[in-house]
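Reader: I am new to protein structures and would like to learn how the words used for them are justified. Could you take me through this one?

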Amino acid sequence: KRRGVELYDLQGQRLGSIDSGRVNNVDGVFDAASQTFLLAGSNRTNTQVDVYRVTTEPVAIELERSFDVPLAEPYGLCVSPTRIFVSDKDGLVQAWSWDGQGPLASYTFQSQTEGCVVDTENGDLYVGEETTGIWRVDLNSDLAPQLFASVDGTVLVADVEGLDIYTGDRGQVLIASSQGDSTFVAYTLATAEV
């Protein structure tokens, strides 16, 4: 959050870093064509989205490009193979292409959003509105976002922060960081059941 991106292995060993400003959220995808990872980060120092390329042999990270976004402070961010979704503290979420074209779409929520994740299997975007809950946005229609899970003070406690999707033997599970009580909530994606 203060100076860029750092790379670690799953044993906690630091593998590399790049100083690029106050990067708040980072997400990535594997690019099969180049056998590298593409990462995007919301950069609050220069109000841009940074795109990084990470190689694994040898391990290296480089800043590939940056592009301006018309947000007072780029904050939350998540990606799909074709889009980067970036939000601000006022509830605006915008979709951009990886090469900086956009905004391709905009979604407005009533208050601050941060965590988000793209369900590439079903074409949905999940957005955490920190004090309200988790919204599902159908990326293939013009339908209004639907509330998937609300902040209730018991199961999901504000602030809703990071979101991710796990796919296993029992189907897809949406994992949400319930920051207010320092827990994680796992929802069955198909039914929104905990």
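**Terms and their reasons**

Author: Happily! Let's start in a loop: Pro103 lies between strand 9 (92-97) and strand 10 (105-108). Please keep in mind that this is a predicted model.

Reader: What makes the peptide bond that joins Gly102 and Pro103 cis?

Author: Look at the omega angle, which is about 5° for the bond between Gly102 and Pro103, and this bond is cis. Another cis bond runs from Glu57 to Pro58, with omega near 0°. Pro58 sits in the loop between strand 5 and strand 6 (59-68). As background, most peptide bonds are trans.

Reader: Why is Ser182 called exposed?

Author: The cut-off for exposed is over 50% relative accessible area. Ser182 has a relative accessibility of 67%, so Ser182 counts as exposed. You will find Ser182 in the loop between strand 16 (171-178) and strand 17 (183-188).

Reader: What is the sign of phi in Ser182?

Author: Phi of Ser182 is positive, near 55°, and Ser182 is a residue other than glycine. Gln35 also has a positive phi, near 55°, and is not a glycine either. The place of Gln35 is the loop between strand 3 and strand 4. In general, most residues other than glycine have a negative phi.

Reader: How do you know that strand 3 and strand 4 pair?

Author: Two strands pair if there are at least two bridges between them. Strand 3 and strand 4 have 7 bridges, so they count as a pair, and the sense is antiparallel. Across this pair, Phe30 stands opposite Phe37 in strand 4.

Reader: What is the order of the strands in the open sheet?

Author: The order is 3-4-5-6, which makes an open sheet of 4 strands with antiparallel pairing. Strand 3 and strand 6 are at the edges because each has a single partner strand, so one side of each has no neighbour in the sheet. On average, neighbouring strands of this sheet are turned by 20° against each other, with direction ignored.

Reader: How much space lies in the largest pocket, and which residues are closest to its centre?

Author: The largest pocket holds about 480 Å³ of space. Its lining has 26 residues, and the closest to the centre are Asp27, Cys116, Val117, Leu163 and Asp164. Strand 3 (23-31), strand 7 (77-79), strand 11 (113-119) and strand 15 (160-168) each give two or more residues to this lining. Strand 15 gives the most, with 7 residues. By class, the lining of the largest pocket has 12 nonpolar, 8 polar and 6 charged residues.

Reader: What is the volume of the second largest pocket, and which strand gives the most to its lining?

Author: The volume of the second largest pocket is about 240 Å³. Strand 5 gives the most to its lining, with 3 residues. At least two lining residues come from each of strand 1 (4-8), strand 4 (36-43) and strand 5 (48-56). Among the residues that line this pocket are Leu7, Tyr8, Asp9, Phe37 and Thr55.

Reader: What makes the charged count 1 in the lining of the second largest pocket?

Author: Asp, Glu, Lys and Arg count as charged. The lining includes Asp9, and Asp belongs to the charged class. The full division of this lining is 8 nonpolar, 2 polar and 1 charged.

Definitions and conventions: Residues numbered from 1 in each chain as written. Predicted model: local features only at pLDDT ≥ 70, side-chain atom pairs only at ≥ 80, totals over all residues. Heavy atoms only, no water. 1 Å grid on protein atoms, 1.4 Å probe; cavity = no way out; pocket = protein on both sides within 12 Å on 5 of 7 lines; lining within 4 Å. Points joined across faces, edges and corners; volume = space filled by probe spheres on them. Buried < 20%, exposed > 50% of the residue type's maximum accessible area, 1.4 Å probe, protein only. Axes fitted to C-alpha atoms, helices over the stretch in contact; angles between N-to-C directions.
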